[in-house]
Structures are given as C-alpha cells and as structure tokens.
Amino acid sequence: MVQEPVAPPVPVPVVAPPDADAVRAARRDLREQIGRLEHELGRELAARFPHREPVRPGRSASALAGPRLLSLGQLERVRDELADRLAALDRPYAAELLEDMYRAPERHRWEIVTSEQLGEPDCCRWQVRPRLGLIGMLAGWWHVKLSSGCPLPG
C-alpha cells in the first residue's frame with residue numbers, strides 16, 4: 001500500500017485583538033472632536049438666530065437611533081455629519097459676507113473670505129484692504145482685493 005505524502009498544516013494567521021488603550025484613545029479623541037463641532041455649530045446658530053429656534057430639516061440619524069455605545073465607525077459618521085452641517089451653514093454666510101464686503105468695505109476692514117469657505121475648489125482670497133496703504137487707511141479708502149489665486153509650485 002502506497003502512502004500519499006501529507007501536506008504540512010497551513011498556519012492560521014493570528015489576528016491580534018485591537019489594543020484596548022489605542023481604541024480608548026481613539027474614542028476619546030472622536031468624542032472631543034464631536035464636542036467641539038457641536039459647540040461650534042451651536043455658537044454659529046445662536047449668533048445667526050439670536051431670538052428664535054432655527055428651522056431644521058429634521059433630526060439627525062444619530063439622534064433618531066437613541067442612546068447607545070457607538071463604535072469607532074459610528075463616531076466618525078457622527079463627526080462627519082456635524083462637520084457637513086457646519087460647512088453647509090458657512091457657505092451661504094460666506095457668500096453674503098462677500099457681497100456685503102463689496103457693498104460696504106469700510107464696515108469689514110481686514111476681513112477675508114476664501115474660496116474654500118464659498119465651497120469652490122479654487123484657492124482665491126478676497127480681503128478688505130486700504131487703498132494706497134497707510135494713506136488710504138487714514139483717509140478711510142477701503143476696497144476688496146482679490147488674490148491672484150494659487151501659488152506656483154516651488
């Protein structure tokens with residue numbers, strides 16, 4: 001009777017459990033980011049609508065789910081959702097600010113609006129500056145200056 005050669009056993013890769021300290025640190029970092037974004041969003045809404053509750057399209061998906069312990073992926077989605085809401089709040093405000101800067105530059109001295117704030121892919125900056133430097137600043141001659149765009153690669 002001929003015995004067939006037996007293949008050596010295939011080693012099974014051992015997956016190390018995630019480091020508990022690293023997971024705890026990541027969760028803490030995400031919760032701090034969420035807290036900062038919630039604070040910033042609340043501050044912006046209170047500044048824009050000081051005497052009334054702003055109308056919202058509905059509760060967020062995370063708020064509808066109720067109390068629970070969130071995984072890292074869920075915490076990242078909550079953070080991204082808050083960042084998107086804050087960015088959506090900034091775009092109309094930046095556009096209104098830019099229009100107001102052109103209408104009355106003397107009321108917006110040294111203010112800057114970037115194309116990123118407007119939701120555009122360019123790297124332009126609009127800044128209210130004095131016309132003719134120090135003389136213009138003393139005379140109250142302010143205007144909006146548009147930057148030349150993206151810097152050349154170095």
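Student: How many disulfides does a search of the whole structure find?

Tutor: Keep in mind that this is a predicted model. A disulfide needs two cysteine sulfur atoms within 2.5 Å. The cysteine sulfur closest to that of C124 belongs to C123, and at 6.2 Å it is too far for a bond. For disulfides, the search of the whole structure comes back with zero.

Student: Is C124 buried or exposed?

Tutor: Let's use the cut-off: a residue counts as buried under 20% relative accessible area. C124 has a relative accessible area of 17%, so this residue is buried.

Student: Which residues form the aromatic pair, and what is its geometry?

Tutor: There is one aromatic pair in the structure. Its ring centres are 5.4 Å apart and the planes meet at 85°. Planes over 60 degrees apart count as edge-to-face. The pair is therefore edge-to-face, and its partners are W110 and W142.

Student: How many residues apart in sequence are the parts that this pair ties together?

Tutor: Look at where each tryptophan sits. W110 is in the loop between α3 (72-103) and β1 (112-114), while W142 belongs to strand β3 (residues 142-146). The pair thus ties together parts whose separation in sequence is 32 residues.

Student: Which residue of the pair is buried, and which is partly exposed?

Tutor: The accessibility values settle this one. W142 has 7% relative accessibility, so W142 counts as buried. The other partner has 43% relative accessibility, and the partly exposed residue is W110.

Student: What is the order of the strands in the open sheet, and which are the edge strands?

Tutor: The open sheet has three strands with antiparallel pairing, in the order β1-β2-β3. Two of the strands pair on one side only, which makes the edge strands β1 and β3.

Student: By how many degrees are neighbouring strands of this sheet turned against each other on average?

Tutor: Here the direction of the strands is ignored, and the value is an average over neighbouring strands of the sheet. That average turn is 25°.

Student: Which residue in β2 is the bridge partner of V113?

Tutor: β1 pairs with strand β2 (residues 125-130) in the antiparallel sense, over three bridges. The bridge partner of V113 in β2 is W126.

Student: How far apart are the closest N and O atoms of R24 and D21?

Tutor: The structure holds four salt bridges, so let's look at this one. R24 and D21 are three residues apart in helix α1 (residues 20-48), which means about one helical turn separates them. R24 is partly exposed at 48%, and D21 is exposed at 51%. The closest N and O atoms of their salt bridge are separated by 2.6 Å.

Student: What is the N to O distance in the salt bridge of R79 and D80?

Tutor: Both partners count as partly exposed, R79 at 21% relative accessibility and D80 at 36%. Their side chains meet with an N to O distance of 3.3 Å.

Student: Which residues do salt bridges join into one network with D100?

Tutor: Start with R103 and D100, which both lie in helix α3, three residues apart. Their salt bridge has its closest N and O atoms 3.8 Å apart; R103 is exposed at 60%, whereas D100 is buried at 18%. Salt bridges that share partners then join D100 into one network with R103 and R107.

Terms used: Residues numbered from 1 in each chain as written. Predicted model: local features only at pLDDT ≥ 70, side-chain atom pairs only at ≥ 80, totals over all residues. Heavy atoms only, no water. Buried < 20%, exposed > 50% of the residue type's maximum accessible area, 1.4 Å probe, protein only. Phe/Tyr/Trp six-rings, centres within 6.5 Å; stacked < 30°, edge-to-face > 60°. Helix = DSSP H or I, 4+ residues; strand = E, 2+ residues; numbered from the N terminus. Pairing = 2+ DSSP bridges. Axes fitted to C-alpha atoms, helices over the stretch in contact; angles between N-to-C directions.
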